[in-house]
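Colleague: I am new to this structure. Please take a close look at one part of it, and then set that part beside the rest.

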Amino acid sequence: MSRRRIGLALAAASFAWGFATSLAHATDISFWTWRQEDKAAYNELFADFTKANPDIHVKFESFPDENYPTIVSTALAGGKGGDVIHTHAYGWLEQFVKAGYFEPLDMATVPSLANQPADALVSGTYRADKRVYSLPFASQTLGLFINKDVFAKAGLTPPTTWDEFITVSKAMKEKGIYPLANGMGTSWFNEMFVAIFTNPFLGQDFVSDLTSGKTTFKDPRYVAALGKLLELRPYMPEGFEGIDYETAGQLFLSGKAAMLAGGSFDIATYRSQNPAINMDFVAPPLAKAGDTPQATKFFDGGYAVNSKSANKEAALKLVKWMGTKEFGDKFSALLGNISPIKGVVIKDELLSHVAKLNETAMPHINVVYFRFEKPTGSELLQGDITKMMSGSITPDQLAADLTDGLAKWYKPFQGK
Amino acid sequence: MAEGWRHSERAFPWRRSLWIAALLTPALLVMVLFVLWPLLSAFRFAFYEFNGLRPSGFIGLENFRQVLFEKPYSDWTWNAFKHNVIAFLALMLFENGTAFLIAFALLKALPGHRIHQVIVFLPVVLSAVIVGFLWKLFLHPLFGLVNQLLGLVGIGAIPWLGNENTALGSILFANIWHWLGFPTLVLLAGMQRISKDVLEAARLDGAGDYALMTKIVWPLIAPSVTIVTILTFIGSFNWFEIPYVMAGLTGSPGGSTDVLGLYFYRTAFGSTTTGIQDFGQGSALAVLMFVFVAGVTAIALRYLRRREIEQ
Amino acid sequence: MRDRGETIRNGAIQLLLAVNAVIMIYPLFVMVASSFKTNAEIFSSPLSLPTHFSTANLEKVWTETNFVRYLANSVGITAASVALILLFSTLAGYAIARYRFRLSSLVLMFFLSGMTVPLKLAIIPLFIQLDTLGLVDSYLGLVLVYVAMGIPSAVFIMTGFLRTLPRELEESARMDGASELRIMWSIMLPLARPALVIVAIQNAVPIWNDFFFPLVLITSDNLKTLPQGLTVFVGEFTTDWGVLFTGLTLAALPITLLYIVLSKQFISGITQGAVK
């Protein structure tokens, strides 16, 4: 009897608890993301949203980067998942849209789409139906972090051209400082490393030749640019093959390394980890003096609405708000990301440098063009680049593997 | 009243059947729902194309053809397979070899042997995730324990997990550290079953430790060796946790630590920046792995059991 | 001291064992010692003992992470799974061992063949199956998978053990008019305790340590188990090694303590799984 009574009490309690929580707020929605480190900033943003919409509360839920796609697809397939989902862009987004997991966004529901520039919207658009499914949240710029104090102490000037980069690196190494903090231990970061240093050698012409089907990655320009990467090896930390993204960041922040090829998305993180750091973010070394500076730019992803969400209206309201200038201003200020929203004011000096770099930046080729089908350009490149850097394959082989792999689904490469 | 049951049994045979069925149903139901049905489905799914999480069309052997013969998938499959084979051979030689030596040393029952058994088995009870992360930190090129220790004797920073030539070996080392106690104690149990008389007789005949080990103990623990071999084989081909934790989903660097478990997971569930998930290809891989492991195990068991009998 | 050769040989054996013991224990010792150090201390002097025992890392793990929740989830899921495995496999084993019926050997064969299936490879259909039942991302879904995984060998062990119990007890109880349920519950099962302990340990350890199934089946942070939670935790504190070592130490602690107390049962439980 007593066991039964406990059971009843438990059932009643859990019922009451569920009831109480549902009464407390009119609507609770959740926001899913892989940006675990941005929790505080998003919570601040969501607090603003709730101030304007007192009946909606947003819960921030984050997941490890590596498992994020699995978790999202698993949850969405089961009709669960966050109400608003942080998505990556381009091909990543497409597989989810294809399966019908996201709600299309249009001017009626999300009028703030009007605030987005056209190239940003492409990143959240499904190619097949030309509709937008994810509201772009940031443009990311890849370039070179400079530790100004380290340079000052060493009496050296940050390089602008490739030749200067090599000379400065030699001098830096002699002083016992790692010139370049990067390693090869994290595959997605490796792909950025390749983009950063090869893009100035490739130029916009190569990109248009590549996307118009005139050439492939076997192009001598691409192979030569890959060859340049090999020249960097002596200036990376010893054991660079095993240095991962986090360690590289630590080496740079602690002043053990002078430069780091990385992304503008880390500016805020680095500042919070070492508030005293005096750093700059510049274009990667130019092929020759007088060239236009060519950083790499891409749209990282966006905010999408779960089509199975029980609170679709509230979710759309949130996404709508996330497209406003009000959100964009604060977002850029808090996270040091460049919001694509038109008219957003970037007060931070370093970030405004980055915004300037964006005007002449190159696209992140693999991410923008070659992630739509299997095998993706990213998985092919990421698999081969560590081999190339450790010397077990040549740039020619990498270029061939990349081209042949993509030819499976990318028609212009077939038979080339 | 004993008659009562017999009576009722005769009168209500369904009552007894019902009772037996009631006893069996929960276990059978779980097995059918969560083992038998999924397993049969796995075979079926391998012949389908998938759109997201649902099969969309029958495509015959296409998935199998892709993972076995179409580049780049076939390269990835064979690359991973090769590492599973290396893992199996390395574990047989280094893990089970060491285990055999230690078991033999423990057989002497010198002072402290009981404590040693407890110590050597301790890592076995820990999660592979803990072991993997621990060794990942220890193997860090700049700050890790291993390189710090080597630094004391003047050896420079070795990127254990970053270099293609050392990464797989390093991960295998962590795995051996994790599991060593298991074969050690299984083999020790086998050795302890050998009768004292046999050992004593051999000693009286003047057999030294080495002769005792190779001529008497090794042949007589054949059943334990069979078990250890089979389990090492199955373990090597289902290897997932430690490589996942230490080398990531892509088997970095450059696929040099990729194993079938990782490749299967990546194919089926996708990975952050690279893959697009494909349940069809994933199912084909799972079927191939299952058939391979089950087939080899069956043949090996036959062969090893024969060896046991011959001894 | 029969002869000098023997002494030298034994000395060599003890040396080998001592070296092995150090290799096994030293890494764990460093892990625990590092958990009391600051990050800077770990990087600058990784080999030394902590200069003063700082509990800052511990506080951080306790207050800034979901660690306690992960721990509670692991306890709950392991306990529920083991309880159901014991219950279901005892019932089934009892039916097979104590009654003669037409399909009994076939049923036993069915369970035995389950021991050879690596369920990991059936994760795709298993996932779809649980999805259809609405059990993805729930305790129940994960528990059912573990139960399915544990039943075959548990049925095998229980059947084998229950068969060895003498018939007389059962018969005399039956003469006294006890019901079948009563015979099973109060007479036979209490005798099966040693086998139940083996089955419990054999299943509890791999379930407690499992990473693969939660990785695929659990997405909500509030439902994550300890090994899975550990990967979240490592993702958040990648550069704070003091906190990482503390997390690893805490994650290893419960099962290590239990192992030290019950090492004999652990060893026989886990190795018997192999000798099935």
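**One helix and its setting**

Modeller: Helix α4(B) is followed by B:Ala109, whose phi is positive, near 55°. Helices (H or I, at least four residues) and strands (E, at least two) are DSSP runs, numbered from the N terminus. The model is predicted, and local features need pLDDT of at least 70, side-chain atom pairs count only at pLDDT 80 or more, while totals for chains, interfaces and linings use all residues. Residues are numbered from 1 along each chain as its sequence is written, and chains are lettered from A and ligands numbered from 1 in the order in which they are written.

Helix α4 of chain B covers residues 73-107, 35 residues in total. Its expected span, 1.5 Å times one less than its number of residues, is 51 Å, and this agrees with the 49 Å between its end C-alpha atoms. Within α4(B) there is a bend of about 35° at B:Leu91, where the bend is the angle between axes fitted to the seven residues ending there and the seven starting there.

Chain B also meets chain C. That contact takes 66 residues from chain B and 73 residues from chain C; two residues are in contact if their C-beta atoms, placed from the backbone, lie within 7 Å. On the side of chain C that touches chain B, helix α1 (residues 4-34) of chain C gives the most, with 13 residues. The residues of that side are 55 nonpolar, 13 polar and five charged. Here Ala, Val, Leu, Ile, Met, Phe, Trp, Tyr, Cys and Pro count as nonpolar, Asp, Glu, Lys and Arg as charged, and the others, Gly among them, as polar.

Chain C itself has 14 helices and zero strands. Its C-alpha atoms fill a box of roughly 75 × 70 × 35 Å along the principal axes. The radius of gyration of chain C is 24 Å, whereas a compact globule of 276 residues would have one near 19 Å; this radius is taken over C-alpha atoms, and the globule rule is 2.2 Å times the number of residues to the power 0.38. Buried residues make up 46% of chain C. A residue is buried if 20 or more other C-beta atoms lie within 10 Å of its own, exposed if 12 or fewer, and partly exposed in between, with C-beta atoms placed from the backbone.

Chain C is also touched by chain A, through 13 residues of chain A and 12 residues of chain C. On the chain A side, α3 (68-77) and α10 (245-253) each supply at least two residues, and α3(A) gives the most, with four residues.

Chain A is assigned domain 1 (24-138 + 299-358) and domain 2 (141-297 + 361-413), with bounds from an automatic or database domain assignment. The centres of these two domains of chain A, taken over C-alpha atoms, are separated by 28 Å. In their contact, 15 residues of domain 1 meet 18 residues of domain 2.

One loop residue of chain A can serve as a last detail. A:Met236 sits between α9 (220-230) and α10 of chain A. A:Met236 counts as buried because it has 23 C-beta neighbours inside 10 Å. Leaving aside neighbours within four places in sequence, A:Met236 is in contact with A:Leu180, A:Asn182 and A:Gly183. A:Leu180 is 56 residues from A:Met236 in sequence, with 5.0 Å between their C-alpha atoms.
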